[in-house]
Amino acid sequence: MEDEFPLGIWPDRILLCRGAEAEIYKIRFLGEEAVLKIRRRKKYRNPELDRRTRTSRTLREASALKKAKELGVRAPFVRYVDTRSALIVMQFIRGSLCRDALVEGSLEWSWVATELGRDVARLHNGQLVHGDLTTSNVIVDGDKLVLFDFGLSEIDPGVEGKAVDIELLYRVLHSTHPQIEKGFMGEFLQEYESASESGGTVVKRFNAIKRMGRYVAREDRAQP
């Protein structure tokens, strides 16, 4: 198909991750290490709808990465974008995946919670919602955090999207890092609320969503 990119031009590529939406490779681009993210065609989707979906998500992610940096949040530099092939080439970030470091106990969670709270507040102050705010989408690079995978991001000036962003982080901590969940969220929310222009309102809505989730879970368990 005409929109399939010839990955053979990078014969030494290394597959880093294959997800539901995209494949991530480590490559060399213009003589330097880089990351290639390519959204493959979905055969079950209408071809035209599939093309539009992949194109819009690619453009949205590239734009979000640029905006995140403008807002003072560390994110990979975009090196190259090809909307026809739905791919982005980005800066390769050396470091540890936050999720793995927290699970192994090799990372001070209190520091991560504070830094992440500040970074998410910066995004939200710029009306940018990450859309997939998990510890799997954060790299620890020395004494800095780097946020990536903005494929589901969107510009949203409302409270709901920002609260849902935080609620997803809470759910991930609850399932993957239960031993630090309470302390982590406490420090994250404290920093977020102090750094966010609408922090109190967003946190209030987050708590309401969290309570709803617990109510639904209890109802499900009560079913015969």
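S194 is exposed, with a relative accessible area of 59%. Here, buried stands for under 20% relative accessible area, exposed for over 50%, and partly exposed for values in between, with a 1.4 Å probe and protein chains only. S194 belongs to helix α5, residues 181-195. Its C-alpha atom is separated by 8.5 Å from that of R118, although S194 and R118 are 76 residues apart along the chain.

Some background helps before we go on. This is a predicted model, in which local features need pLDDT of at least 70, side-chain atom pairs count only at pLDDT 80 or more, and totals for chains, interfaces and linings use all residues. Residues are numbered from 1 along each chain as its sequence is written, and side-chain values use heavy atoms, leaving out hydrogens and water.

**The chain as a whole**

The chain has six helices and 10 strands. Helices (H or I, at least four residues) and strands (E, at least two) are DSSP runs numbered from the N terminus. Along the principal axes, the C-alpha atoms fill a box of roughly 50 × 45 × 35 Å. A compact globule with 224 residues would have a radius of gyration near 17 Å, and the 19 Å of the chain agrees with this. That radius is taken over C-alpha atoms, and the globule rule is 2.2 Å times the number of residues to the power 0.38.

Of the 224 residues, 44% count as buried. Among contacts (heavy atoms within 4.5 Å) with a separation of 6 or more, 62% come from residues 24 or more positions apart.

**Two buried residues**

F184 is also in helix α5, but F184 is buried, with a relative accessible area of 0%. Which residues does F184 contact, leaving aside its neighbours within four places in sequence? They are L102, W109, V112, A113, L116, L169 and L173. In addition, the C-alpha atoms of F184 and S110 are separated by 6.3 Å, with their positions 74 residues apart along the chain.

I38 sits in strand β3 and is buried too, with a relative accessible area of 1%. The C-alpha atoms of I38 and R54, 16 residues apart along the chain, are separated by 9.2 Å.

**Cysteines without a bond**

How many disulfides does the structure hold? It holds zero. A disulfide is a covalent bond between the sulfur atoms of two cysteines, and here the term requires a pair of cysteine sulfur atoms within 2.5 Å. The table shows two cysteines and their surroundings.

| Cysteine | Closest cysteine sulfur | Relative accessibility |
|---|---|---|
| C17 | C98, 16 Å | 43%, partly exposed |
| C98 | C17, 16 Å | 2%, buried |

The sulfur of C17 is too far from the sulfur of C98 for a bond, because they are 16 Å apart.

**The largest pocket**

Rolling a probe the size of a water molecule over the atoms shows where empty space is left. On a 1 Å grid over the protein atoms alone, a pocket is an open set of points where a 1.4 Å probe fits, with protein on both sides within 12 Å along at least five of seven lines; lining residues have an atom within 4 Å of a point. Grid points are joined across faces, edges and corners, and a volume is the space filled by probe spheres set on the points.

The largest pocket has a volume of about 750 Å³. It is lined by 28 residues, and the closest to its centre are C17, I24, S136, N137 and F148. The elements giving two or more residues to this lining are β1 (14-18), β3 (32-38), β5 (87-91) and β6 (96-97).
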